[in-house]
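Student: I would like to take a close look at one single part of this protein. Could you guide me through it slowly, starting from the whole and ending at one residue?

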Amino acid sequence: MRPEAIALENAHVALEPLEERHRAPLRVAGADPVLWRFATRNQHNANFDDWVDSRLAAAAGDDATFA
């Protein structure tokens with residue numbers, strides 16, 4: 001079953017399905033190596049484009065990633 005691509009929002013946070021337009025702002029946000037200290041993938045943002053590409057491809061199937 002493919003999840004519906006909807007935005008989720010309340011008074012404190014807004015989440016929307018990952019799209020190509022999120023790539024550049026997320027790259028900037030991910031530039032801080034402290035963010036990746038517990039990551040098993042994309043250590044120190046080294047594989048950022050591979051990760052975004054995989055998440056965008058997964059969204060075409062039955063997976064969802066939010067920004």
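Tutor: What follows goes from the whole chain to a single residue, Thr65. Please keep in mind that this is a predicted model, in which the protein averages a pLDDT of 84, with 88% of the residues scoring at least 70. The protein contains two helices and two strands, and, read from the N terminus, these elements follow the order β-β-α-α. Among these elements, strand β2, at residues 14-15, has the highest mean pLDDT, at 92, while helix α2, at residues 48-59, has the lowest, at 89. Of the contacts in the protein with a separation of 6 or more, 52% are made by residues 24 or more positions apart. The accessible surface comes to about 5,000 Å², and carbon and sulfur atoms account for 58% of that surface.

Now we can turn to Thr65, which is found in the segment after α2. Of the 67 residues of the protein, 19% count as buried, and Thr65 also counts as buried, because its relative accessibility is 15% and the cut-off for that word is under 20%. Which residues is Thr65 in contact with, once its neighbours within four places in sequence are left aside? They are Glu16, Pro17 and Leu18, together with Trp51 and Arg55. For Arg55 there is a further detail to look for in the structure, since its side chain and the side chain of Thr65 are joined by a polar contact of 2.7 Å.

Note on methods:
Residues are numbered from 1 along each chain as its sequence is written. This is a predicted model: local features need pLDDT of at least 70, side-chain atom pairs count only at pLDDT 80 or more; totals for chains, interfaces and linings use all residues. Side-chain values use heavy atoms; hydrogens and water are left out. pLDDT is the predictor's confidence in each residue, from 0 to 100. Helices (H or I, at least four residues) and strands (E, at least two) are DSSP runs, numbered from the N terminus. Buried means under 20% relative accessible area, exposed over 50%, partly exposed in between (1.4 Å probe, protein chains only). A polar contact is a pair of N or O atoms within 3.5 Å; within protein, one must be able to donate a hydrogen and the other to accept it, and residues adjacent in sequence count only if both atoms are side-chain atoms. Contact means heavy atoms within 4.5 Å. Accessible areas come from the Shrake-Rupley method with a 1.4 Å probe; for residues, only the protein chains shown count as cover.
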